[in-house]
Amino acid sequence: MHPLLDAGIKTLAITNRTIAKAHHIASQVEDSRVLALDKPGLMSFNADIIINSTSASLHNTLPDLEHISFADCELAYDMAYASKPTLFMQHASDAGAKKVADGLGMLVEQAAAAFTIWTSEVPQSKPVINSLRQQLSL
């Protein structure tokens with residue numbers, strides 16, 4: 001949540017299987033921009049970015065998206081990655097998201113940041129992402 005808030009987002013809506021869990025997650029940050037919403041509350045929330053941080057894509061299933069609109073979504077981001085777009089990415093694209101992306105880039109960039117911390121060298125991550133993307137599609 002902190003990197004998103006530090007980036008200057010206006011509002012961060014958190015949802016979960018239960019509203020109590022959403023409130024618990026939101027309470028971890030003392031920031032008035034963080035909202036806990038139940039699933040029906042999401043119907044009136046038009047998000048620019050929607051992040052799937054569930055494990056559903058790891059099981060080739062969709063999380064509960066019944067109350068989520070992708071009509072105004074600039075980016076639907078799935079933290080999971082696979083050889084082809086995940087079901088979440090496919091659903092988001094079909095439902096109107098302008099762009100979809102998966103978590104492979106985040107994985108590589110986290111590894112690159114750790115490499116830099118340990119070695120003081122900054123690796124070129126784009127070739128690594130491209131190579132991994134090719135290997136995933138074999």
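A residue counts as buried here when its relative accessible area is under 20%, as exposed when that area is over 50%, and as partly exposed in between. With that in hand, here are close-up views of a predicted model.

**Figure 1. Overview of the predicted protein, with its five helices and five strands.** Reading along the sequence, you will meet these elements in the pattern α-β-α-β-β-β-α-β-α-α. The C-alpha trace spans about 45 × 35 × 25 Å along its principal axes. Of the 138 residues, 27% count as buried. If you take the contacts with a separation of 6 or more, 53% of them join residues 24 or more positions apart.

**Figure 2. The one aromatic pair of the structure.** Phe70 and Phe88 meet edge-to-face, with 5.9 Å from centre to centre and 70° between the planes. What does this pair tie together? Phe70 belongs to the loop between β3 (49–52) and β4 (75–78), whereas Phe88 belongs to helix α3 (residues 87–94), so the pair links parts that are 18 residues apart in sequence. Are the two partners, Phe70 and Phe88, buried or exposed? Phe70 is buried, and Phe88 is buried as well.

**Figure 3. The largest pocket and its lining.** The space in this pocket comes to about 1,400 Å³. A total of 39 residues line the pocket, and those nearest its centre are Leu12, Ala13, Ile50, Ile51 and Asn52. Two or more lining residues come from each of α1 (2–6), β1 (12–14), β3 and β4. Which element gives the largest share of the lining? That is β3, with four residues. By type, the lining holds 23 nonpolar, 10 polar and six charged residues.

**Figure 4. Ser57 and its polar contact with Asp78.** Look for Ser57 in the loop between β3 and β4. Its relative accessibility is 13%, which is under the 20% cut-off, so Ser57 counts as buried. The side chains of Ser57 and Asp78 are joined by a polar contact of 2.5 Å. Beyond the residues up to four places away in sequence, Ser57 touches Asn52, Asp78, Ala80, Thr86 and Phe88. Two of these names may be familiar: Asn52 is one of the residues nearest the centre of the largest pocket, and Phe88 is a partner in the aromatic pair.

**Figure 5. Leu62 and Asn60 in the loop between β3 and β4.** Leu62 has a relative accessible area of 39%, between the 20% and 50% cut-offs, and is therefore partly exposed. Setting aside neighbours within four places in sequence, Leu62 is in contact with Ala56, Leu87, Phe88 and His91. For a sense of scale, the C-alpha atoms of Leu62 and Ser125 lie 30 Å apart in space, and these two residues are 63 residues apart in sequence. Asn60 is exposed, with a relative accessible area of 56%. Asn60 also has a phi near 55°, a positive value in a residue other than glycine. Most residues other than glycine have a negative phi.

**Figure 6. Asp102 and its polar contacts in and beyond strand β5.** Asp102 is part of strand β5 (residues 100–102). What is the relative accessibility of Asp102? At 9%, Asp102 counts as buried. A polar contact of 2.8 Å joins its side chain to that of Arg133. A polar atom of the Asp102 side chain also lies 3.2 Å from the backbone nitrogen of Leu104. Neighbours within four places in sequence aside, the contacts of Asp102 are Tyr77, Asp78, Ala80, Tyr81, Ala82, Met89 and Arg133.

**Figure 7. Ala82 in the loop between β4 and α3.** Ala82 is partly exposed, at 29% relative accessibility. Which residues does Ala82 contact, leaving aside its neighbours within four places in sequence? They are Asp102, Arg133 and Leu136. Asp102 and Arg133 are themselves joined through their side chains, as in the previous view. The C-alpha atoms of Ala82 and Gln110 are separated by 18 Å, with their positions 28 residues apart along the chain.

**Figure 8. Ser120 in the loop between α4 (104–119) and α5 (125–136).** Ser120 counts as exposed, at 66% relative accessibility. Its phi is near 65°, again a positive value in a residue other than glycine.

Key: Residues numbered from 1 in each chain as written. Predicted model: local features only at pLDDT ≥ 70, side-chain atom pairs only at ≥ 80, totals over all residues. Heavy atoms only, no water. Phe/Tyr/Trp six-rings, centres within 6.5 Å; stacked < 30°, edge-to-face > 60°. Buried < 20%, exposed > 50% of the residue type's maximum accessible area, 1.4 Å probe, protein only. 1 Å grid on protein atoms, 1.4 Å probe; cavity = no way out; pocket = protein on both sides within 12 Å on 5 of 7 lines; lining within 4 Å. Points joined across faces, edges and corners; volume = space filled by probe spheres on them. Nonpolar A, V, L, I, M, F, W, Y, C, P; charged D, E, K, R; others polar. Polar contact = N/O pair within 3.5 Å; in protein donor to acceptor, adjacent residues only side chain to side chain. Contact = heavy atoms within 4.5 Å.
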